[in-house]
Amino acid sequence: MKSSRSELSAMILGGMFMNSGNYGAPVVLFALGATGFDYAVIIMVLHGLFINTFGIFFASLGGGEKATWQQSVHRVIRMPLVYAAAIGIFLQQTGLPLPQAVLDGVGLVADASIPTVMLVLGMQLAVISRNRVAYRYVAAVSVIRIIISPLLAVGILYFLPVNDTVKQVAIILAAMPTAANTTMLALQFNTEPDLVSFTTLITTLISIVSIPLVLFFLGV
């Protein structure tokens with residue numbers, strides 16, 4: 001599509017990372033119950049690690065500073081989430097207790113994360129200029145995110161020896177719109193934030209129709 005490196009990175013952010021958390025997991029809970037929700041949470045955690053590694057890498061690579069591959073990798077290494085996840089796994093496996101004050105502080109930050117992302121997304125959408133949004137890129141990413149992604153999931157899962165519930169959860173999450181967190185990354189690294197945020201909006205609006213269709217075809 002003859003896109004620039006920044007536009008390509010923005011399209012990767014919009015097409016690669018789905019909203020499996022505050023959108024996907026509740027839909028799975030509604031459609032498949034507690035068992036499906038358990039699987040959805042596991043996938044959601046993996047997606048969180050992906051967006052905070054690969055997502056940061058691509059956002060940095062296409063950012064306004066024109067970072068090299070090596071610089072983008074260094075920025076991923078400097079991000080604290082992967083280390084926090086490793087510490088969390090260690091604490092969970094060892095059963096070491098944490099002071100209640102620490103747990104309360106982490107809980108406050110966790111509760112504020114989704115509202116903060118939604119606020120930033122809304123602020124970015126409020127200042128979008130139509131002249132700065134390449135609609136052909138938005139259309140391409142929307143097709144990838146809403147149509148091609150779940151079809152790929154169906155094709156891949158057909159050959160995997162997993163139970164039907166896992167397959168249904170993975171397909172539903174693959175059909176989710178673009179993750180709102182991608183807007184945060186696009187703003188942080190100046191990677192076409194208008195394109196990324198507008199893609200998030202459009203795919204979310206389309207999902208109002210597409211998600212019920214996916215649930216219908218899955219028979220749930």
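Let's start inside: the lining of the largest pocket is made up of 34 nonpolar residues, 11 polar ones and one charged residue. Keep in mind that what you're looking at is a predicted model.

How much space does that pocket hold? About 1,500 Å³ of it lies in the largest pocket, and 46 residues line the space. If you want to find the middle, look for His 47, Gly 48, Ile 51, Asn 52 and Asn 181, since these lining residues lie nearest the centre. Several helices give two or more residues to this lining: H2 (20-61), H4 (81-94), H5 (100-126), H6 (135-157), H7 (164-174) and H8 (181-189). Of these, H2 gives the most, with 19 residues.

Now move over to the second largest pocket, where about 370 Å³ of space lies. Its lining is short enough to read out: Pro 80, Leu 81, Ala 84, Leu 91, Leu 98, Val 102, Leu 103, Val 106, Val 109 and Ala 110. Two elements, H4 and H5, give two or more residues each to that lining, and the largest share, five residues, comes from H5. What about the chemistry here? By class, the lining of the second largest pocket has 10 nonpolar residues, with no polar and no charged ones.

With the pockets in view, let's follow H2 and see how it packs against other helices. Start with H7: the axes of H2 and H7 come within 9 Å and cross at roughly 165 degrees. Angles over 145 degrees count as roughly antiparallel, so that is how H2 and H7 sit relative to each other. The crossing of H2 past H7 is right-handed. On the H2 side, the contact is made by Ser 20, Gly 24, Ala 25, Val 27, Val 28, Leu 32, Thr 35, Gly 36, Tyr 39, Ala 40 and Ile 43. On the H7 side you'll find Thr 165, Val 166, Gln 168, Val 169, Ala 170, Ile 172 and Leu 173. Sorted by class, this contact has 12 nonpolar and six polar residues, and no charged ones.

Further along H2 there is a meeting with helix H3, which covers residues 69-78. Here the axes come within 8 Å and cross at roughly 140 degrees, and H2 and H3 are therefore oblique to each other. H2 passes H3 in a right-handed crossing. Which residues touch? From H2 come Asn 52, Thr 53, Ile 56, Phe 57, Ser 60 and Leu 61, and they meet Trp 69, Ser 72, Val 73, Arg 75 and Val 76 in H3. That contact splits into six nonpolar residues, four polar and one charged. Asn 52 may ring a bell: you've already met this residue among those nearest the centre of the largest pocket.

Last stop: H5, which you know from the pockets, packs against helix H9 (residues 193-218). Their axes are 9 Å apart, at an angle of about 110 degrees. Angles of 65 to 115 degrees count as roughly perpendicular, and so H5 is roughly perpendicular to H9. The crossing of H5 and H9 is left-handed. From H5, the residues involved are Leu 121, Gln 124 and Leu 125. They meet Pro 193, Asp 194, Ser 197, Phe 198, Thr 200 and Leu 201 in H9. By class, the contact of H5 with H9 divides into five nonpolar, three polar and one charged residue.

Conventions: Residues are numbered from 1 along each chain as its sequence is written. This is a predicted model: local features need pLDDT of at least 70, side-chain atom pairs count only at pLDDT 80 or more; totals for chains, interfaces and linings use all residues. Side-chain values use heavy atoms; hydrogens and water are left out. On a 1 Å grid over the protein atoms alone, a cavity is a set of points where a 1.4 Å probe fits but cannot get out, and a pocket is an open set with protein on both sides within 12 Å along at least five of seven lines; lining residues have an atom within 4 Å of a point. Grid points are joined across faces, edges and corners, and a volume is the space filled by probe spheres set on the points. Helices (H or I, at least four residues) and strands (E, at least two) are DSSP runs, numbered from the N terminus. Ala, Val, Leu, Ile, Met, Phe, Trp, Tyr, Cys and Pro count as nonpolar, Asp, Glu, Lys and Arg as charged, and the others, Gly among them, as polar. Axes are lines fitted to C-alpha atoms, for helices over the stretch in contact, and angles run from 0 to 180 degrees between N-to-C directions. Angles under 35 degrees count as roughly parallel, over 145 as roughly antiparallel, 65 to 115 as roughly perpendicular and the rest as oblique. A crossing is left-handed if the near helix is turned anticlockwise from the far one by less than a right angle, and right-handed if clockwise. Contact means heavy atoms within 4.5 Å.
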